[in-house]
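Subject: Structure handover

Hello,

I am passing this structure on to you. Please look through it before reading my notes below.

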Amino acid sequence: MTEILPAAGTAEMPFSDVAQRSRAQHLGMWTFLATEILFFGGLFTCYAIYRWHYPEGFAEGSHHLDLMIGTINTGVLLTSSLCVALGDHAIKLGARRTLGWCLAVAWLLGAVFLALKGHEYAVKFHEHLVPGPLFEAQGAHAAEVEMFIFLYFAMTGLHAAHMIAGLGALGWLLWLIARRRPAEALHAPVAMVGLYWHFVDVVWVFLFPLLYLIRR
Amino acid sequence: MNAAGEKTEAGPTRRTLVGVYAALIALLALTVGAAWLPLHAWAVPVALAIAGAKTALVFLFFMQVRYQRGLVPLFAVAGFYWLALIGALTFADYLTRG
């Protein structure tokens with residue numbers, strides 16, 4: 001990562017100029033996000049198969065989830081995405097302080113999301129609704145509920161791991177700002193981390209209705 | 001134009017970003033509200049359509065695909081294309097089991 005751009009518009013090899021480097025960075029990040037779509041997509045496909053086979057069990061499993069927390073968490077992530085988008089807008093105008101505030105709020109909202117998620121997981125442990133030998137459920141659809149609970153933990157757990165990585169990335173940006181990097185040097189990192197963060201938000205946008213909103 | 005007066009790529013204005021956010025929150029309210037409607041077989045398509053609309057808004061405006069030309073929009077949808085292949089081939093198996 002170049003510390004300071006050598007001169008406006010120029011870039012180091014193998015890039016011909018800043019615009020071309022920016023295009024390459026965007027395509028690289030979108031390629032990575034395409035692999036992420038497939039990564040989560042495998043779990044979504046598994047979910048589709050089992051929900052299709054066990055609609056009753058999945059509805060019952062969904063009712064065990066806390067809809068209020070799920071809705072709040074969705075709002076929290078959408079707001080954090082707005083903050084990151086506003087931060088990207090700010091740094092394009094050279095406003096490093098505004099960027100810093102936007103990223104700090106986004107980071108805090110991400111932490112709130114994970115805290116609420118952790119609370120949900122803790123409640124599930126107490127209710128014995130966790131995949132594995134500790135699972136306990138009554139009723140005709142207990143095995144199907146167990147499959148739903150497995151997918152719930154697998155999908156939201158994978159998402160939470162991505163959130164943690166995202167918090168690390170946002171933290172890195174905040175560190176760059178604290179180290180007084182010039183605004184021009186922040187454009188690309190902010191854009192790339194922003195793409196990742198928005199993507200993780202989009203994954204949750206799909207997880208929420210599929211897990212929390214089955215036949216209420 | 002950035003603060004140094006240099007030409008920068010186009011991007012969404014602050015107003016656009018806040019407007020998109022308002023639409024996202026409205027769609028969130030809609031998807032939660034729709035969960036209580038007796039949609040039966042339409043419940044999943046409706047939920048996916050609303051999620052798809054939110055995704056389109058995030059992709060186009062927050063991720064700025066709307067403001068890019070050429071390969072970026074193509075790469076942005078490529079992952080969904082291959083995911084559609086996974087889904088289609090998987091369900092081609094399940095749906096054709098006797």
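The notes below cover the nonpolar core, the aromatic pairs and the charges over rings.

This is a predicted model, in which local features need pLDDT of at least 70 and side-chain atom pairs count only at pLDDT 80 or more, while totals for chains, interfaces and linings use all residues. Residues are numbered from 1 along each chain as its sequence is written, chains are lettered from A and ligands numbered from 1 in the order in which they are written, and side-chain values use heavy atoms, with hydrogens and water left out.

The largest nonpolar core (buried Ala, Val, Leu, Ile, Met, Phe, Trp, Tyr and Cys residues joined through side-chain atoms within 4.5 Å; buried is under 20% relative accessible area, exposed over 50%, partly exposed in between, with a 1.4 Å probe and protein chains only) has 88 residues. A:W30, A:Y212 and B:F62 touch the most other members. Helix 6 of chain A, residues 183–212, gives the largest share, 21 residues (helices are DSSP runs of H or I, at least four residues, numbered from the N terminus).

Over all chains there are 20 aromatic pairs (Phe, Tyr or six-membered Trp rings with centres within 6.5 Å; planes under 30 degrees apart are stacked, over 60 edge-to-face, the rest tilted). One of them, A:Y121 with A:Y152, is edge-to-face at 6.1 Å centre to centre and 80° between the planes. A:Y121 is in helix 4 (residues 96–126) and A:Y152 in helix 5 (residues 142–178), both of chain A, so the pair ties together parts 31 residues apart in sequence. Both residues, A:Y121 and A:Y152, are buried.

The charged end of B:R97 sits over the ring of B:Y94, 4.4 Å from its centre (NZ of Lys or CZ of Arg within 6 Å of the ring centre and within 35 degrees of the ring normal).

Regards

Definitions and conventions: Helix = DSSP H or I, 4+ residues; strand = E, 2+ residues; numbered from the N terminus.
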